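User: Got a minute to go through this one with me? I've got some questions lined up.

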Amino acid sequence: MSTEALLTGGSDGGVGGVASRRLSIDDALVQHAGEFGRWQLRHFVLVSAAWALQALHTMVIIFADREPAMACAVGDGRCGDRCAGAAAGWVWAHGSGSSTVAEWGLVCDERYKVGLAQAAFFAGCMIGAGVFGHLSDSFLGRKGALQVVCVLNAIFGLLTALSPNYSSYAALRLLTGLSTGSVGISAFVLATEPIGPSRRGAAGMSTYYFYSGGMATVAGVAAFFQSSWRLLYVATSLPSLVFALAVLPSLSESPRWYLVRRRPDDAMRVLRAIAAANGRSIPDDIGLKIDDEDEDTSENAGRKVEVPASSGTVLDAFVSRTTRARLVLLVLIYFFCAVVYFGLSLNVVNLKTNIYLSVVVNSLAEMPAYLLTALLLRRYGRKPLAIGTMFLSGVSCTVASLIAGEGAMSVLRMACGVVGIFGMAGTYNLLIVYASELFPTEVRNAVLGCTSQVSQIGAILAPMVVVLGERVPFGVFGVSGIIGGLLVFYLPETMNKPLYDTMAGLEKGERAASGTEDEGAS
């Protein structure tokens, strides 16, 4: 069936099943349904709550695997080697069930197992981001993929609470990571695709507030379950099940996904629901078109264009000359960004302060970066902000690496690190918006899954950099931030540009923007 017949021959396609005017989804939102009204606000808030769930499953390991304080239970206070534990007279302050470290004796020579479990989780995230990113672009859809991973998160999290030994615990953390890795990506795409072009960037950059809120929440929940790491896993896993069964069924699938899957009636149904909730309406003679179709001119009216469906994989983005360089650049940028962000976060956690308060403060400290980048996004664009925030982080870390000494100098070095976290948090918030706009709907989730996989590699390597000492890690983070900023120079700006549906539509739009299409016609 031709694309024209497919997109205009439905019950919602127009009067009598034939639309006299066909618009892209962006144009339909701007001209008729509304770019960001009541419908989009409700949809955005409910879907973005999944980011908090991702934070719960990611950050819980900080508290479940912490090393609690030890006390000497011997009457004269003369206990033996702390590594011998109870055999030498030592007891855990909150009992042996307070953490995995206390229950399985993961101290001294066994301490590496804590890091191994963390690495297993991020390795699972790396695999899952690619797998579910592809499934989200293909038959599962954005909503279906999000529902599946949330259910799996709840199941694996609850099973983790029942782990009989360390080996099963590490294996279940790997499986939890497998489903956790694509929660935020699927939620981001589902939340932002129904939003109009002028509001999409600011809305997309607001998603990380939910992640920061989740970080603060898990610290509060952990404070109530200090004596049982198993109950902590139960408390942080059940919200995912509630979200999948009670919240997601009431939400709509992305109209863009419907359209690229050749389901225009469903796409128009969602758009009409958006318009109705926003107090607007879409005329009956309006139909939808995918952006790789020819315009209805006198020359090509009635022309039927066959558009093959994309397989929706990263390979599609890599094969295209238009998006190949973008993909390679984003992979490198995300890697450097992850090394700096997770590395600096670990440096802050290593401060000898209250662990619960530290996580809350860290989550709150990132929020000004999200706000500032969101405010500046529409004025300065994606590219300048990405360069500026990465340079800010890189230069701050480089300065910190040059500061030696104790006392006031150590405070100054820590302040530079805080500025570095501020800059890189802003970069992370910005990059997900930037990356989603660089690629069309049919491969968007797959590409974001690929970049998330690279981020997990950076997250795994970051702890290895931190152990190099006080100043050397700052030097590594500084160089990484500056290199990442330089790479952004080679990406195109996406501000106020259409959000394409297909690879063919993106290539056509890029040719038209550069003027090569007109030159070829002449």
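User: Which helix is Val319 in?
Analyst: Val319 is found in helix α14. Keep in mind that this is a predicted model.

User: Ok. Is Val319 buried or exposed?
Analyst: Exposed: the relative accessible area of Val319 is 53%, and the cut-off for that class is over 50%.

User: What sort of surface patch is Val319 part of?
Analyst: A nonpolar one. Leu315, Phe318, Val319, Val328 and Leu332 form it on the surface, and together they have about 440 Å² of accessible area.

User: Which helices supply that patch?
Analyst: α14 (314-319) and α15 (321-349) each supply at least two of its residues. The largest share, three residues, comes from α14.

User: Let's go inside. How many residues are in the largest nonpolar core?
Analyst: The largest one has 108 residues. Those with the most contacts inside that core are Phe63, Leu146, Tyr169, Leu330, Ile432, Phe439 and Phe477.

User: Anything apart from that?
Analyst: Another core, of 19 residues, lies apart from the largest one, and Ala28, Ala33, Trp39 and Ala275 are among its members.

User: Back to Phe63. What is Phe63 in contact with, leaving aside neighbours within four places in sequence?
Analyst: With those left aside, Phe63 is in contact with Ser99, Val218, Ala219, Ala222, Leu232, Ile355, Tyr356 and Val359.

User: Pick Leu232 from those. Where does Leu232 sit?
Analyst: Leu232 has its place in helix α11, which covers residues 229-247. Leu232 counts as buried because its relative accessible area is 2%, and the class takes anything under 20%.

User: And what is Leu232 in contact with?
Analyst: Leaving aside neighbours within four places in sequence, Leu232 is in contact with Val60, Phe63, Ala64, Val221, Ala222 and Phe225.

User: How far is the C-alpha of Leu232 from that of Leu158?
Analyst: Those two C-alpha atoms are separated by 9.9 Å, with Leu232 and Leu158 being 74 residues apart along the chain.

User: Does α11 have a polar residue worth a look? What about Ser237, buried or exposed?
Analyst: Ser237 is found in helix α11, and Ser237 is buried, with a relative accessible area of 0%. Leaving aside neighbours within four places in sequence, Ser237 is in contact with His57, Asn153, Ala154, Gly157 and Leu158.

User: Switching to charges. How many salt bridges does a search of the whole structure find?
Analyst: Eight. One of them joins the side chains of Asp285 and Arg21, at 4.0 Å from N to O. That pair links distant parts of the chain, 264 residues apart: Asp285 is in the loop between α13 (264-277) and β4 (286-288), and Arg21 is in strand β1 (residues 21-23).

User: How exposed are those two?
Analyst: Both count as partly exposed: Asp285 has a relative accessible area of 24%, and Arg21 has 36%.

User: Which residue does Arg230 form a salt bridge with?
Analyst: Arg230 forms one with Glu103, and the closest N and O atoms are 2.7 Å apart. This pair links distant parts of the chain too: Arg230 in helix α11 and Glu103 in helix α4 (residues 100-104) are 127 residues apart. Arg230 is partly exposed, at 23% relative accessible area, and Glu103 is partly exposed, at 31%.

User: Remind me why such side chains pair up at all?
Analyst: Side chains of opposite charge can pair when their charged atoms come close.

User: What about Arg269 and Asp266, where do they lie?
Analyst: Both lie in helix α13, three residues apart, which is about one turn of the helix. Their side chains meet in a salt bridge, 3.4 Å from N to O. Arg269 is partly exposed, with a relative accessible area of 41%.

User: Which residues are linked in a network of salt bridges?
Analyst: Asp26, Arg200 and Arg256 are.

User: Last bit, the whole chain. How many helices and strands?
Analyst: There are 22 helices and four strands. The chain has 522 residues, and 53% of them count as buried.

User: And how much accessible surface does the chain have?
Analyst: About 21,000 Å², with 64% of that belonging to carbon and sulfur atoms.

User: What share of the contacts comes from residues 24 or more positions apart?
Analyst: Among contacts with a separation of 6 or more, residues 24 or more positions apart account for 82%.

Note on methods:
Residues numbered from 1 in each chain as written. Predicted model: local features only at pLDDT ≥ 70, side-chain atom pairs only at ≥ 80, totals over all residues. Heavy atoms only, no water. Patch = residues over 30% accessible without salt bridge, like charges linked within 9 Å, V, L, I, M, F, W, Y side chains within 5 Å. Areas by Shrake-Rupley, 256 points an atom, 1.4 Å probe, with all protein chains shown as cover. Buried < 20%, exposed > 50% of the residue type's maximum accessible area, 1.4 Å probe, protein only. Core = buried A, V, L, I, M, F, W, Y, C linked by side-chain atoms within 4.5 Å. Contact = heavy atoms within 4.5 Å.
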